[in-house]
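Please look over the structure shown here with its sequence beside it. The paragraphs after it are meant to be read with both in view.

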Amino acid sequence: MFQCNMSSQRPAPFFPASARSGGLPRLCFVSYRQIRGFAMPVVAEYTGRAEIEVLDGTFGDALAIARDRLERGLVDAFVSAGSNASILRAGLQAPVATIQLTGFDLLQALIQARRISSRVGVVMYGQTIPELDEVKDLLNIEVMQHAYRTPDDARQRFEQLRRAGFEVIVGSSLVVELAEQAGLHGLLAYSLASVRKGFEDALELARVARLEAGRYEQLNSVLHNLQEAVLAVDRDNRVIAVNPPMQQLLGPAHARPIGEWLERIEPELSLQATLDSGQVERAVVQRFAQRDWVVNRTPIREHGEIVGAALTLYDARAIQEADTRLRIQQGRRQNAARHRFGDLIGQSPAFLRAVQTGRRFARTDLTVLIVGESGVGKELFAQSIHNDSLRAGRPFVAVNCAAFPEALLESELFGYEEGAFTGSRRGGKRGLFEAAHTGTLFLDEIGDMPLQLQTRLLRVLQEREITRLGATGAIPVDVRVIAATHQPLPGMIAERRFRQDLFYRLNTLRLPLPPLRERREDIAPLALAQVARCLQRLGTPLDAARALAPLLARLRAYDWPGNIRELENLGERIAVFLMQFERLDDIRYDELAHDLPELFADANAEPAGGGALNAARVAAALAAQGGNRQAAARQLGVSRSTLWRWQREHGA
Ligand SMILES: Nc1ncnc2c1ncn2[C@@H]1O[C@H](COP(=O)(O)OP(=O)(O)OP(=O)(O)O)[C@@H](O)[C@H]1O
């Protein structure tokens, strides 16, 4: 609950009773003897519409009783007249309906008074009634008016009036009683109609208060359930609200902060500058109570005027945790590592050795460099290492360094701030390093990274923080890097195309993946898995193993320059060829040479290693795929970047 308390200078806060009880509106009629007796018939009229408690008292006495009722939640609205009404209004934060003295009431009272004497004293709380002087001539009476502030003050006025020969006094309940004590005639100025009007007003106030209380309770429970610590101050920087997390933060030394100056409670949390400037402060990181907080300071305005300010403190650790969860969730969509060592196909000693090494590397958090020809499974191994490591379940972000022009690769990796360059996105963009935070970043084709970026990468690896383009501050990142290359990096170092220091940094753990031609035992199981998968997808009932058996010798003999990616492509073509035959015996293997020229290079008299890229093959594949590089690469059995690199090198 929002905690509020009462201090002697401040009005008591208001919690309408019926908002909790849900029953009839509860009215409290704070009266004084004379008017109480007079008003009782009206009170009786409200049976069934309201619960009315009649309280007796004047001045401080009446206020104390009213506060007590309020604190105990026994009242929705007060109804009162004269001095009591003024005092309750000033002293309570609760609706108070006033029984108003109308001109007609006064006229009636004066007519009544005239029956006793033609000289009438009118004594009112706080002020006199100027219009009365005009009426008195009409009634042909002499009227003397006085305003009083305290009972003693009133007594002195009666003495004055008595000495001046006035015998009748018209006024409120208290005035009537004191006048009679002074030996004068007292006449109550109110009419029953005015009393009734006062009760009707009180009922309406109670209804509105109940609606407001409902809203207040809702807001209250929202604030109560907020994780963040919230505090609000009024215009004078005094605390008007705190929620439980904030209360906990302020500690037992400030168990009742309401009404206190925030400056005195915690100068570090001050809202004075916000009250003075009216400026919103967002996401300021501040250390308080030995913890880091993300702090917002917001002015509270009513009709444009600053009436207070609010402070919210978010636990920085909770934000970091949420950030990680968000990244993981996003990662599940885009940045997930699907493969594990257990899914990899292979039985050759070279492959098994690579898996064993990969598993060992997964137990560390060190940078890994995977080297091997295009299509040997470098990314698959990187994913498997990630999934076998303590970072499993965290983001795995893969980026192919050969696939981006230099400027784009830089902003992809490091992100940028809003306005960092023309066309930069509003709000900036986080880079892949940030996206991989707590997880793994796989930098494929690292040999294609431009030298300038190599320098930046080295700095990130050393300092474990990145700076977005156009930003001034660095952001810490916790990322494991796995790099891969098909290029001989030492040779590139000699040619000054790769930084030696970066190489040493990346090469901490080295995982060489042999090409398929050096582990021919893996060809059959890989081909079988691919053909079976494709046949199933194509809905062909043929037995993949038996259908493939006559081709195994050729598959094993082939050199596979595109390695497993090429084998997958070839397997797909085999499946498409096979799908036209319903039974194994029908398969016309002799026709296959047309679809798989590389396997039948001898028969087609194609040069050895017919799978290697050459201008004719590339041009044919591009033409066949309508210029689509991705599709052409797939047809050629190479990765998109291999094709791209080949084109770049050959000016195609
Ligand atoms: N041991 C394996 N078992 C099953 N499939 C594999 C295996 N190794 C690689 N593949 C498959 O071969 C294809 C190429 O693998 P991957 O992309 O990991 O190779 P790469 O070395 O990273 O290639 P590039 O250097 O061209 O990016 C993928 O479709 C992958 O699923």
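What follows is a walk through a predicted model, taken in stages from the ligand outwards to some of the helices.

A good place to begin is the ligand, which is surrounded by 20 residues, the closest of them being Gly377, Lys378, Glu379, Ile564 and Ser639. Two helices, H15 (378–388) and H24 (563–578), are the elements that give two or more residues to this shell. In terms of domains, the shell draws at least three residues from domain 4 (334–514) and at least three from domain 5 (521–612). Its chemical character is mixed, since the residues around the ligand divide into 8 polar, 7 nonpolar and 5 charged.

From the ligand shell one can follow H15 to a helix against which it packs. Helix H14, which spans residues 349–362, packs with H15 at an angle of about 45°, and the axes of the two helices lie 8 Å apart. Because of that angle, H14 counts as oblique to H15, and the crossing that the two helices make is right-handed.

A second helix pair can be found earlier in the sequence, where helix H3 (residues 59–71) and H4 pack at an angle of about 50° with their axes 9 Å apart. This angle makes H3 oblique to H4, and H3 passes H4 in a right-handed crossing. For a single residue to look at in this region, take Arg89, which has its place in helix H4, residues 82–91. Is Arg89 buried, exposed or partly exposed? With 16 other C-beta atoms within 10 Å, Arg89 is partly exposed, because a buried residue would need 20 or more such atoms and an exposed one would have 12 or fewer. Arg89 also shows how the chain brings separate stretches of sequence together in space: Arg89 and Leu63 are 26 residues apart in sequence, yet their C-alpha atoms are 9.5 Å apart.

The last stop is helix H8, which runs over residues 173–181 and, with 7 of its 9 residues buried, is largely enclosed by the rest of the structure. Which residues of H8 are buried? They are Ser173, Leu174, Val175, Val176, Glu177, Leu178 and Ala179. As a general point about such elements, an α-helix has 3.6 residues a turn, so residues three or four places apart point the same way. Just after H8, the backbone at Gly183 takes a positive phi of about 85°.

Definitions and conventions: Residues numbered from 1 in each chain as written. Predicted model: local features only at pLDDT ≥ 70, side-chain atom pairs only at ≥ 80, totals over all residues. Near = placed C-beta within 6 Å. Helix = DSSP H or I, 4+ residues; strand = E, 2+ residues; numbered from the N terminus. Nonpolar A, V, L, I, M, F, W, Y, C, P; charged D, E, K, R; others polar. Domains from an automatic or database assignment. Axes fitted to C-alpha atoms, helices over the stretch in contact; angles between N-to-C directions. Parallel < 35°, antiparallel > 145°, perpendicular 65-115°, else oblique. Left-handed = near helix turned anticlockwise from the far one by under 90°.
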